[in-house]
Amino acid sequence: MTRDATDPALGLTAAEVAERVARGEVNAAPDARSRSLSDIVKANTFTWFNGLIGSLWVVMLLVAPIQDSLFGFVIVFNTAIGIVQEYRASRTLAQLSVLGEARPVVRRDGVDAPVAKDDVVLDDVIVLTTGDQLVVDGVVLHSEGLEIDESLLTGEADPVDKAPDDEAMSGSFVVAGSGLYQATRVGRDSFAGRLTEQASSFHLTNSELRDSIAGFIRAISFLLVPVGLLLLWSQLVRADLPFDEAVRGTIAGIVTMIPEGLVLLTSIAMAVSVVRLARKRVLVQDMPAVEVLARVDTICVDKTGTLTEPGMRVQDLEPIAGASIDMVIAVLGALGASEANPNPTLEAIADAYPDPGWTVVASTPFSSARKWSAADLGEHGAWVLGAPEIVGAGASAEVQTRADERAAGGARVVLLAQADRMPSSDDVLVGLVPRALVVISQQLRPDAAETVAYFLEQGVTVKVISGDNAATVGAIAAQAGVPGADRAVDARTLPDDPQALAGPVDEANVFGRVTPLQKQQMVEALHLRDSTVAMTGDGVNDVLALKKADLGIAMGSGSGATRAVAQLVLLDDKWSVMPSVVAEGRRVLGNIERVSDVFLTKTSYSVVFSVMTGLFAFAFPFLPRHLTLVSALTIGIPGFFLALMPNTERFRPGFLRRVLLFAVPSGIICAASSLVSYSVALRVGEPLVNAQAAASVTLFIVASSVLLMSARPLNAIRIAIVASMVAAFLAVLLIPFLSNFFALSLGPERYSIVAIVSGLVGAVLVWVVGLFVDRWRRPQAAR
């Protein structure tokens with residue numbers, strides 16, 4: 001890999017940047033999370049089902065009146081709604097993602113300034129600090145203890161020390177130190193850009209809802225051709241119907257079997273949730289993540305920045321073994337000034353103690369894995385600052401005991417020790433002389449306890465996983481109301497084997513001294529216990545765990561690498577928004593399960609109608625316009641409203657099984673009731689058109705019962721929705737124009753009585769079946 005001979009102190013000039021922009025040498029990489037308007041239109045329009053229904057629509061327009069082709073207009077309308085809602089959500093995300101995206105700092109004309117990642121050009125000099133994600137490939141120009149984690153690209157867990165002329169790959173992130181590197185490959189030529197192009201256009205979070213619906217639709221797809229051929233053969237050959245009537249009945253049977261509106265409503269519900277969450281300043285970077293919100297049963301949180309307020313301050317300083325207070329203050333001031341981009345702890349120390357102006361000969365930046373930093377202050381010696389358990393490993397028990405006492409109050413405690421030589425990042429610390437304990441205060445967020453209480457009430461386990469001292473983490477967790485805070489576990493005592501780790505991680509809720517790799521292993525251990533895990537974090541030490549979790553949640557002020565791998569970003573850093581975020585996910589899944597009841601009931605009764613008609617060779621019991629009307633009033637229109645209503649039920653695995661447990665018997669009841677009404681009307685001498693009208697009235701009554709059952713728990717709004725659908729159907733029956741248009745009427749004839757009685761009997765049976773299967777479907781008798 002070669003690089004341009006640009007002066008690192010100056011970077012590119014404005015003219016050089018303009019030249020590269022003109023040549024197209026910019027970081028215009030593909031975005032795996034976004035779709036253009038044309039992509040959205042294509043994805044919603046050119047689907048297998050739209051192609052099938054569109055073809056049948058054309059045939060129907062040729063052989064039947066326009067009234068029997070209404071199902072085609074419904075598909076056009078549904079597709080338009082889907083495009084509008086997804087485009088709206090896409091625009092909202094695009095506007096919000098500008099606030100959440102990482103902005104690399106480039107050096108141009110000697111000035112460091114943040115730019116959008118797409119504005120980086122070839123040969124740009126980029127400034128790296130801890131927590132930054134690399135947005136282009138390049139060569140390291142300068143390193144001050146620079147350590148880069150490439151695990152997201154290579155799978156290697158250990159950070160890599162980077163020296164000048166070493167290669168740095170896009171997609172990796174800085175875990176310690178700082179430096180400069182020069183862009184050598186940008187856009188689609190970069191390593192991450194090539195990976196994105198090779199991947200699918202969307203990286204979807206694991207979705208039981210999406211997979212279940214897709215699996216059911218695949219199963220129905222296999223039935224369409226044989227059932228359609230059987231139906232056409234029976235209508236043409238055995239029932240000896242005219243060609244146009246046979247085709248009309250066949251198309252009516254096939255179209256009704258397809259639950260095309262369910263896919264649409266699922267997409268709309270998720271898109272609406274994305275927009276709603278955006279209003280709460282929550283950026284959804286992966287749309288199916290909305291579903292995962294409802295499935296979460298364990299949420300792992302970092303202590304610092306999540307349970308506690310951002311920022312720290314030095315609370316107390318305790319010299320050890322007669323160390324000079326003036327010397328300790330001067331050393332702390334020098335250490336605070338030794339790093340250009342200090343972590344929060346060192347930043348608090350720098351704020352408290354002035355820089356004495358000493359020369360820093362060498363330094364080892366802080367690392368979450370090491371849990372210490374060091375600096376060689378020349379004639380003033382080498383000094384180490386870090387966790388008392390690590391830095392003071394060989395010190396007296398009195399030092400550790402005092403550190404534990406201060407930590408038990410919820411403070412962060414670090415130990416300052418003097419070394420006989422400057423330790424390297426790979427050294428095991430030995431022979432250090434403790435000089436002082438620095439006590440740093442952290443304030444619990446005002447809403448932390450309330451948020452923890454909400455999760456506990458909802459049956460979600462809260463686990464605090466932090467790199468801080470176990471006693472400190474336990475004290476903060478206790479203030480927040482996390483169960484088991486008095487039994488905080490020091491992660492250094494935990495096993496490395498995932499199987500052996502699963503037990504301790506499942507039993508305890510508070511962990512301290514956790515390394516970044518251990519955070520990842522803890523998430524994997526929870527997965528072994530079939531937990532659905534959400535992980536929140538803001539620091540670079542959280543990246544690996546966020547990537548492994550079912551749902552990664554980053555703070556907006558967190559590192560660029562953290563925001564890049566998370567599915568959700570809390571732009572205002574408010575963990576208190578999480579209850580409403582979880583509630584939004586539960587609303588989506590609970591409501592989609594509710595509307596799936598009616599959609600799959602329709603598929604069930606459509607299959608029965610088509611198979612029975614094919615086997616017994618009678619004229620199809622409905623005109624296409626009848627099924628379009630009944631579907632619209634008992635499924636499509638009310639389903640749209642029900643899919644967007646409040647729902648707080650926690651999602652449980654087994655979505656498809658629960659839906660089918662109700663939909664299949666309900667569909668059979670709908671079909672049986674309608675066929676009884678149809679056959680009785682024919683037996684008493686009614687013409688075919690009246691028998692079809694009787695079957696339609698019966699089907700509407702029973703299907704309305706299914707709708708009412710699925711809308712539970714009933715309230716004024718849901719009852720009003722169902723009542724308005726009934727009113728609309730009565731209007732069709734009683735208003736002459738509509739009655740003639742849909743070929744439906746209800747008068748004093750005998751078939752009307754049979755239709756109503758058969759419908760009411762079927763409605764009662766649906767409720768009996770519904771109440772019976774509730775024992776297996778729901779934890780309570782009603783939703």
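I440 is buried in this predicted model, and its relative accessible area is 0%. You will find I440 in strand 15, which covers residues 433-441. Setting aside residues up to four places away in sequence, I440 touches M312, R313, V314 and Q315. The list of its partners goes on with T345, A348 and I349, and then with A411, R412 and V414. For a sense of scale, try looking from I440 to P242: these residues are 198 apart along the chain, and their C-alpha atoms are separated by 88 Å.

Now let us step back to the whole protein chain. Its C-alpha trace spans about 110 × 60 × 40 Å along the principal axes. The protein chain has 28 helices and 21 strands, and of its 783 residues, 56% count as buried. Counting the contacts in the protein chain with a separation of 6 or more, 73% come from residues 24 or more positions apart.

What, then, fills the inside? In soluble globular proteins, nonpolar side chains tend to be buried together. Here the largest nonpolar core has 128 residues. The residues with the most contacts inside that core are I299, L307, F455, L551, W575 and M578. Helix 22, residues 578-616, gives the most to this core, contributing 13 residues. L551 is a good one to click on: leaving out neighbours within four places in sequence, L551 is in contact with A289, V292, L293 and V296. L551 is also in contact with V533, A534 and M535, and with Q567 and L568. Apart from the largest core lies another one, of 26 residues, with V175, V505, V514 and V533 among them.

Helix 22 deserves a second look, this time for its packing. Two packed helices are described by the angle between their axes and the distance between the axes. The axes of helix 22 and helix 24, the latter being residues 655-683, come within 7 Å and cross at roughly 45°. Helix 22 is therefore oblique to helix 24. Their crossing is right-handed. Sorted by class, the contact of helix 22 with helix 24 has 17 nonpolar, six polar and three charged residues.

Another pair to visit is helix 3 (residues 48-63) with helix 7 (residues 208-238). Here the axes lie 12 Å apart and the packing angle is about 30°. Angles under 35 degrees count as roughly parallel, so helix 3 and helix 7 are roughly parallel to each other. The crossing of helix 3 and helix 7 is left-handed. Where do these two helices meet? W48, F49 and L52 in helix 3 meet I217, S221 and L224 in helix 7. The residues of this contact divide into five nonpolar, one polar and no charged.

Further along the chain comes helix 25, residues 688-710, which is the place of Q692. Is Q692 buried or exposed? Its relative accessible area is 7%, and buried means under 20%, so Q692 is buried. Not counting residues up to four places away in sequence, Q692 touches F620, P621, F622 and L623, together with H626 and Y678.

Past helix 25, the backbone has a detail worth finding. The peptide bond from R712 to P713 is cis, with omega near 0°. P713 sits in the loop between helix 25 and helix 26, the latter being residues 716-734.

Two aspartates finish the tour. D109 has a positive phi of about 55° although it is not a glycine, and D573 likewise has a positive phi, of about 60°, without being a glycine. D109 lies in the loop between strand 1 (105-108) and strand 2 (111-114). D573 is found in the loop between strand 21 (568-570) and helix 22, the helix that gives the most to the largest core. How do their surroundings compare? D109 is partly exposed, with a relative accessible area of 45%, whereas D573 is buried, with a relative accessible area of 13%.

Terms used: Residues numbered from 1 in each chain as written. Predicted model: local features only at pLDDT ≥ 70, side-chain atom pairs only at ≥ 80, totals over all residues. Heavy atoms only, no water. Axes fitted to C-alpha atoms, helices over the stretch in contact; angles between N-to-C directions. Helix = DSSP H or I, 4+ residues; strand = E, 2+ residues; numbered from the N terminus. Parallel < 35°, antiparallel > 145°, perpendicular 65-115°, else oblique. Left-handed = near helix turned anticlockwise from the far one by under 90°. Contact = heavy atoms within 4.5 Å. Nonpolar A, V, L, I, M, F, W, Y, C, P; charged D, E, K, R; others polar. Core = buried A, V, L, I, M, F, W, Y, C linked by side-chain atoms within 4.5 Å. Buried < 20%, exposed > 50% of the residue type's maximum accessible area, 1.4 Å probe, protein only.
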